[in-house]
Amino acid sequence: MNLVPHQDDELITLGVETIASIRERGEENHVLIFTDGSASGVHRLLANGRECSLHGGTHHYRMSRERFVAARDREFTDSCRQIGYSRANIHFPKERLRDGEMDTDGAYGVLKGFLSTFRVKDGDRLVLRTISPYGGPEQHSDHTSLGCAAVSAYKNGLVQGLELYQEPYCVFGLRETHKEAALGVKMADRQTKEVFAKACAAYGKWRPLLGRFAVGVHSMPDFFEKSTESPASYAIGNVDEMIELNG
Ligand SMILES: [Zn+2]
Ligand SMILES: [Zn+2]
């Protein structure tokens, strides 16, 4: 069960590992997104009337919060499908939290509510895969909150396992603040790179008439330009020890 705070975290932070899990190890993967992604500055950017070098045309798209969230969800669903999730395994909670306002209690409540309705097949282990909360002071607070909620769920026995991954852009923060972390880097092989590139393309699609505004690429143009060269997942290798030391 992959837990993500926003659209694109399933790819940028968890993507390489998830692709291997689904396509190489044949494991059943689900994804649950917690916030609506509505606080992105791209919402305003798309209405600023300026020309843009990322695509032809100008930014003359003023839209409601709901329409912006729907546009982001199209990118997210498309990315998840490329990664290899079946449509039925892409989950939106009943009560979606506001982007930028997720605290640990809120995240834990959504997770607990969702898991109470989630059936695990006999003999299967339920493992959470999510973002490590140890990324340092620069880490997005929604990411930290969700990581902490996942740690609590694991400690409280709601699930049988926990995997934590650091955002590529927070690896430095992890190393600065947690010398005790054992970081395992998994680089994508050629096949994984191809899948990863297709999922990235979901965040770069500019088709305004179809409700596609390349929100992901507008928010992190440098990342999407470079990420397909050497995508990687950064796993915390000593999760139990980290929890013991840091709570
Ligand atoms: Zn995020
Ligand atoms: Zn643009």
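Student: Let me start with one residue: does H218 count as buried or exposed?

Tutor: H218 counts as buried, because its relative accessibility is 9% and the cut-off for buried is under 20%. Please keep in mind throughout that this is a predicted model, and that the values we discuss are computed from it.

Student: Which protein donors does the zinc ion (ligand 2) have?

Tutor: To read a metal site, one looks for N, O and S atoms around the metal, and for the zinc ion (ligand 2) these protein donors are C52 (SG), H55 (NE2), H59 (NE2) and H218 (NE2), at 2.0 to 2.3 Å from the ion. Among these donors, H59 and H218 link distant parts of the chain, since H59 sits in the loop between α3 (42-45) and α4 whereas H218 belongs to helix α9, with their positions 159 residues apart. Like H218, which is buried at 9%, H59 counts as buried, and its relative accessibility is 3%.

Student: What arrangement do the four donor atoms make around the zinc ion (ligand 2)?

Tutor: The angles that the donors subtend decide this: four donors count as tetrahedral if all angles lie between 85 and 135 degrees. Around the zinc ion (ligand 2) the angles run from 101 to 118°, so the arrangement is tetrahedral. Along the chain, the donors of this ion follow the spacing C-x2-H-x3-H-x158-H.

Student: And which protein donors lie around the zinc ion (ligand 1)?

Tutor: Here the donors are H6 (ND1), D9, which is listed twice through OD atoms, and H143 (NE2), lying 2.0 to 2.6 Å from the zinc ion (ligand 1). The angles among the four donor atoms range from 53 to 148°, and the site is irregular. Its donors follow the spacing H-x2-D-x133-H along the chain. As for cover, H6 counts as buried at 7% relative accessibility, and D9 is buried with a relative accessible area of 3%.

Student: What should I make of the phi of D8?

Tutor: The general idea is that most residues other than glycine have a negative phi. D8 is not a glycine, yet its phi is positive, near 95°. This residue lies in the loop between β1 (2-4) and α1 (9-12), and it counts as buried at 7% relative accessibility. A second case is A214, also not a glycine, whose phi is positive at about 45°. A214 is in the loop between β8 (212-213) and α9 (215-219), and with 3% relative accessibility it counts as buried.

Student: How many residues does helix α4 have, and what should they span?

Tutor: A helix can be checked by comparing its expected span with the distance between its ends. Helix α4 (residues 65-83) has 19 residues, which should span 27 Å at 1.5 Å a residue, and because the end C-alpha atoms are 27 Å apart, the two values agree. After α4 comes G84, whose phi is positive, near 130°.

Student: Which residues are buried in α4?

Tutor: An α-helix has 3.6 residues a turn, so residues three or four places apart point the same way. The buried residues of α4 include F68, R72, E75 and S79, and also F76, C80 and I83. Helix α2 (residues 15-23) is mostly covered, with eight of its nine residues buried, among them V16, I19 and A20.

Student: How do I read separation in sequence against distance in space, for example for G106 and L146?

Tutor: One sets the two values side by side. G106 and L146 are 40 residues apart in sequence, and their C-alpha atoms are 8.9 Å apart in space; G106 itself is in helix α5 (residues 104-116) and is partly exposed at 24%. For D189 and K94, 95 residues apart along the chain, the C-alpha atoms are separated by 37 Å. D189 is placed in the loop between β6 (183-187) and α8 (190-202).

Student: How many helices and strands does the protein chain have?

Tutor: There are 11 helices and nine strands. The radius of gyration is 18 Å, close to the 18 Å that the globule rule gives for 247 residues, so the chain is as compact as a globular protein of that length. Its C-alpha atoms fill a box of roughly 50 × 35 × 35 Å along the principal axes, and 51% of its residues count as buried.

Note on methods
Residues numbered from 1 in each chain as written. Chains lettered and ligands numbered in written order. Predicted model: local features only at pLDDT ≥ 70, side-chain atom pairs only at ≥ 80, totals over all residues. Heavy atoms only, no water. Helix = DSSP H or I, 4+ residues; strand = E, 2+ residues; numbered from the N terminus. Expected span 1.5 Å × (residues − 1). Buried < 20%, exposed > 50% of the residue type's maximum accessible area, 1.4 Å probe, protein only. Donors = N, O, S within 2.8 Å, 3.2 Å for Na, K, Ca; no water. Tetrahedral: all angles 85-135°; square planar, octahedral: opposite > 155°, others 65-115°. Rg over C-alpha atoms; globule rule 2.2 N^0.38 Å.
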